[in-house]
Amino acid sequence: LSNQVYFLLSFLFAKVLLLACAEDLECVPGFQQKVFYIEQPFEFTEDQPVLNLEFDDCKGNNKLNFEVSNPDFKVERDGSLVALKNISEAGRALFVHARSEHAEDMAEILIVGANEKHGALKEIFKIEGNLGIPRQKRAILATPILIPENQRPPFPRSVGKVISREGTEGAKFRLSGKGVDQDPKGIFRINEISGDVSVTRALDREAIANYELEVEVTDISGKTIDGPVRLDISVIDQNDNRPMFKEGPYVGHVMEGSPTGTTVMRMTAFDADDSSTDNALLRYNILKQTPTKPSPNMFYIDPEKGDIVTVVSPVLLDRETMETPKYELVIEAKDMGGLDVGLTGTATATILIDDKNDHPPEFTKKEFQATVKEGVTGVIVNLTVGDRDDPATGAWRAVYTIINGNPGQSFEIHTNPQTNEGMLSVVKPLDYEISAFHTLLIKVENEDPLIPDIAYGPSSTATVQITVEDVNEGPVFHPNPMTVTKQENIPIGSVVLTVNATDPDTLQHQTIRYSVYKDPAGWLEINPTNGTIGTTAVLDRESPYVQNNIYTALFLAIDSGNPPATGTGTLHITLEDVNDNVPSLYPTLAKVCDDAKDLRVVVLGASDKDLHPNTDPFKFELSKQSGPEKLWRITKLNNTHAQVVLLQNLKKANYNIPISVTDSGKPPLTNNTELKLQVCSCKKSKMDCSATDALHISMTLILLSLFSLFCKSFPEL
């Protein structure tokens, strides 16, 4: 079939719609034909008319304007649809939106292939759903409806018509689906008698772009007699959304001296309109650059991609000569392919010119002076440098090195992070008598390496002249600390040690006097002239002033300078132990029940303040027991412990058991002591130790002793 046949079919189809609507033939604002069918040609030829559209607002078509959904087509003032270039593929449909002062409407142009040709109007109803007409041979004809978004009142307004070929008396149309009886409800409705479909308010394509409704025919009782048939309603995009930059803030970096055309960053905007139309076709532009020096056009933005690139020579992109290393660009994104009618959105791009190390640090002078007193440490001079690079980078931060004049490592230099100055310090005290002058050679570099074509020059090295001032230094003990070993308990007045102190001020002739500085126990004295240390009291290794067998005292050596200087010497006396402490016994009290079955009364232990071998093994003994029978015995358990055992149960009383304990020193020392034994009555797990017969054994022993003495005095009796 030829194009003429399709035009004829379109005309017949429109005529059927007019008859079905039974509307008056007076002027109806809008397209006089809303749906067209054309055969897909091999190619749409540039500037050749495709078809003619007729629009009439019934009031002269003042300020009539056409918009085509495909940007490769346009509609002339006379209604001719033409291609703007040779096109081999235009899709399945074109939509044309017309708007004048008094009316607006939408027309649909369906493009079909050769296999979709039919010979009669009734066969058109078999075209696939892409054409908006059902496949089945139904009595309901529900062609797709196209509605521009953002229509102006009044509402409701008619947007299409559903036709039923069956003339059943009392039949009614019923519409359902999302937008009718499903949320959002009430957007569309249908005249149940005429089949007119109307919209009740303005639509927003960005909220919902398509509605799939169902229409059916019911009898007077509400029973479905035909359908349901799908009714597709598409919302045609209007350019009602401005481009938006959503990914800010936008910050880009470019290295100074970069070649022309270096990409800095990409700016991308978003447009909520239909991306297949010019409504969302964006173009980018730089509206403003701040600052405008050294060139008002430092950068360029690709209008399609949004890439920002440098357009000045590397010489102008010099951070050190710029007014500021930060540039701000106001970027505009405009839809409609950048046409004047397009909507715009703006954002600010911040571009930072990054520094590279193209300037070496230089000392502010070739020679620095410093003066320091001998014996003093700390910073003696700050070396200043200049560097034109960015202070926030390693291209500016200085690193100092002493390259000559520091064989004894007496000096160190560090960088002040705030000022970038070199802080030269004395870390080992200087001696005026050894050297009164020092000369250092110092170099300065950056943390970051210089770029290849830049090198460090003579200004990156400097000399520091240091003068050492003489001070009166205190005498020095040799050695310090001093150590000596002595036996404790040596006689008072014994010589411990003769100390030796010298004055480091060899160029001055001074005398030295000695004195005691700290003597915690008060045991020592020192000859102020010759430094001989002697004892003034007995040295006791067991004293609390002795730690780990060592007694520590401090002495002063004072020169005759003005003012005098003092040196401090430390003396450690290691005290050797002698057996001068008797062993002690523990415990000294024990308790036992008068009816006890276990007669092991107590385990005794012994300790000694002395050191081995003047301590254990200890010897435990009972003093001689008097009387007709023995009451207890003592048994050695080990080198430091023994056990006292009763030989029989005793009456309730307090008993004193004489015990001697002897250490292993040479000569040995013995401690005679008494163990107090309380014999108590025990009933129901309670011990009663009230001393009703206190010191029972002691009194008995006294009587026995007196009797024995009497017998010895009068043997003839």
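1. How much area does the protein expose, and what share of it do carbon and sulfur atoms supply? The exposed area is about 38300 Å². Carbon and sulfur atoms supply 52% of that area. Please keep in mind that this is a predicted model.

2. Overall make-up. The protein has 717 residues, and 42% of them count as buried. Its secondary structure consists of 3 helices and 52 strands.

3. Contacts along the sequence. Take the contacts in the protein with a separation of 6 or more. Residues 24 or more positions apart account for 66% of these.

4. Salt bridges, whole structure. A search of the whole structure gives 21 salt bridges. Three pairs and one network are taken up below.

5. D688 and K652. Their side chains meet in a salt bridge, with an N to O distance of 3.1 Å. D688 belongs to strand 52, residues 686-688. K652 sits in the loop between strand 49 (641-646) and strand 50 (653-662). The two residues are 36 residues apart in sequence, so the pair ties together separate parts of the chain.

6. Is K652 buried or exposed? K652 is buried, because its relative accessible area is 16% and the cut-off for buried is under 20%. Its partner D688 has 36% relative accessibility and therefore counts as partly exposed. This salt bridge thus joins a buried lysine to a partly exposed aspartate.

7. K443 and E445. These residues form a salt bridge, and their closest N and O atoms are 3.7 Å apart. The distance falls within the 4 Å limit that defines such a bridge. K443 is partly exposed, with a relative accessibility of 27%. E445 also counts as partly exposed, at 29%.

8. E621 and K619. Here the closest N and O atoms of the salt bridge are 3.5 Å apart. E621 has a relative accessibility of 33%, so it counts as partly exposed. For K619 the value is 48%, which again means partly exposed. The upper limit of that class matters for K619, because exposed requires over 50%.

9. Which residues are linked in a network of salt bridges? They are R205, E206 and D237. An arginine thus appears in this network together with a glutamate and an aspartate.

10. Points to check in the viewer. Start with D688 in strand 52 and K652 in its loop. Then look at the K443 and E445 pair, and at E621 with K619. Finish with the network of R205, E206 and D237.

How values were computed. Residues numbered from 1 in each chain as written. Predicted model: local features only at pLDDT ≥ 70, side-chain atom pairs only at ≥ 80, totals over all residues. Heavy atoms only, no water. Buried < 20%, exposed > 50% of the residue type's maximum accessible area, 1.4 Å probe, protein only. Helix = DSSP H or I, 4+ residues; strand = E, 2+ residues; numbered from the N terminus. Contact = heavy atoms within 4.5 Å. Areas by Shrake-Rupley, 256 points an atom, 1.4 Å probe, with all protein chains shown as cover.
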